Amino acid sequence: MARLAEEAGVSKATVSLALRDHPRISSATRRRVQALAQKLGYRVAPAVSAWMAHRRCVQVAPQTERLAFINSWPNLEEWERSPWLTRYRDGAKARAEALGYGFDEFWLREPGMTPARLSKVLRTRGILGVLVGSLLNEQKEMRLDWSALAAVAQSHSLQRPALSRALSDYAFNTQMAISELRRMGYVRIGYAFAPKLEERTECLHLAAYLEDQFRLPSAQRLAPFDWTDKSSEKLARWLSRSRPDAVVSHDLELVNVIRTVGYRVPRDIGVGALNLPPTTSRNSSRRVRLAGVDQQLERCGAVAVDLLISHLHHHEMGPPVQPVIALTRGRWIRGDTLRMAR
């Protein structure tokens, strides 16, 4: 570092920042120092690099490094009421602060805020690492200046640009739920789904369900049920025609509707949820403790921060050529909506 600084006519601090491609140094200086380093045969020592990354986390980060969480939900109050959205944010914030990073939240729908203005705010504050919260179905793109940012997205909902992501393992979670139901003796297992949700998850839930059905004898196979309109009459017709002894779904009101159309849960039909809310997993109107999958969203948020910091330490700025997807497996929670069927 000292030799590079002497050869380039800059300080050792400038060399350090230039080799990390830090935007605080002009692009011309960065290119000049990097070219000189290559000419002189400079190579990163892995052990030293890891140690310096550790030092930046536990010592420098509290004073200088901050991460941003971007929320583009149209209604901020509605977003704050959703445990599926806030749990991820809370897990990310806790992990960032534990590693010594500040954690700033930005609402892209704030009056006067635009992608261009937010990009400028991030540059002004020297924020290089960004977590992008889950988007609504009709949102698929976010036009920030990504060139100087390392970024990780919460879900598949952001399609442009294609960023690295940290999320729950939807396919595994669905397979786990079906396996638990089969272990309890359920044979004819249905899936009530919403196409928009499947689009947001790249149809991973649906694919896992169909793969399970494909392995069954044809007489036991059930076609997934599209319950987009939430019609109780349509649900009643499907239940009567398909005769499932259990149903998995993301819709937490499914238990109430099944009871409304004349079936007892779990005596007639068992129900497993694929997205349990946090510890208060009780359906407010029926006071029933749902059985199903806890997607471990706080853990997903923590993994997102680890992935983001990895991108920062490796100077991986801008949309990646090959995005990384980090999956966290959910856990099964027992409840009152399923019983041993044999």
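**Entry 1: valine 187**

I started with valine 187, which counts as partly exposed at 36% relative accessibility. I kept in mind that this is a predicted model. I placed valine 187 in the loop between helix 8 and strand 6 (189-193).

Next I asked which residues valine 187 touches, leaving out those up to four places away in sequence. I found Arg182, Gln220 and Asp245. I also checked a C-alpha to C-alpha distance, from valine 187 to proline 244. The two are 57 residues apart in sequence and 8.1 Å apart in space.

**Entry 2: helix 8 and helix 10**

I moved to helix 8 (residues 170-183) and helix 10 (residues 204-214). Two packed helices are described by the angle between their axes and the distance between the axes. Here the axes come within 7 Å and cross at roughly 40°. That angle makes helix 8 oblique to helix 10. I noted the crossing as right-handed.

Then I listed the contact. From helix 8 I have Tyr170, Ala171, Thr174, Gln175, Ile178 and Arg182. Facing them in helix 10 are Leu204, His205, Ala208, Tyr209, Asp212 and Gln213. I sorted the residues of this contact into six nonpolar, four polar and two charged. Arg182 had come up before, as one of the residues that valine 187 touches.

**Entry 3: helix 6 and helix 13**

I ran the same lookup on another pair. At what angle do the axes of helix 6 (residues 83-98) and helix 13 (residues 297-313) cross? I read roughly 45°, with the axes coming within 7 Å. So helix 6 is oblique to helix 13. The crossing is right-handed.

On the helix 6 side, the contact is made by Trp84, Arg87, Tyr88, Gly91, Ala92, Arg95 and Ala96. Helix 13 brings Leu297, Glu298, Cys300, Gly301, Ala302, Ala304, Val305 and Asp306. I sorted this contact into nine nonpolar, two polar and four charged residues.

**Entry 4: cysteines**

Cys300 in the helix 13 list sent me to the sulfurs. How many disulfides does a search of the whole structure find? I got zero. Cysteine 203 is in no disulfide, and its nearest cysteine sulfur, that of cysteine 300, is 19 Å away. A disulfide needs the sulfur atoms within 2.5 Å, so this pair does not qualify. For cysteine 300, the nearest cysteine sulfur is in turn that of cysteine 203.

Last, I asked whether each cysteine is buried or exposed. Cysteine 203 is partly exposed, with a relative accessible area of 35%. Cysteine 300 has a relative accessible area of 0%, so I logged cysteine 300 as buried.

How values were computed:
Residues numbered from 1 in each chain as written. Predicted model: local features only at pLDDT ≥ 70, side-chain atom pairs only at ≥ 80, totals over all residues. Heavy atoms only, no water. Buried < 20%, exposed > 50% of the residue type's maximum accessible area, 1.4 Å probe, protein only. Axes fitted to C-alpha atoms, helices over the stretch in contact; angles between N-to-C directions. Helix = DSSP H or I, 4+ residues; strand = E, 2+ residues; numbered from the N terminus. Parallel < 35°, antiparallel > 145°, perpendicular 65-115°, else oblique. Left-handed = near helix turned anticlockwise from the far one by under 90°. Contact = heavy atoms within 4.5 Å. Nonpolar A, V, L, I, M, F, W, Y, C, P; charged D, E, K, R; others polar.
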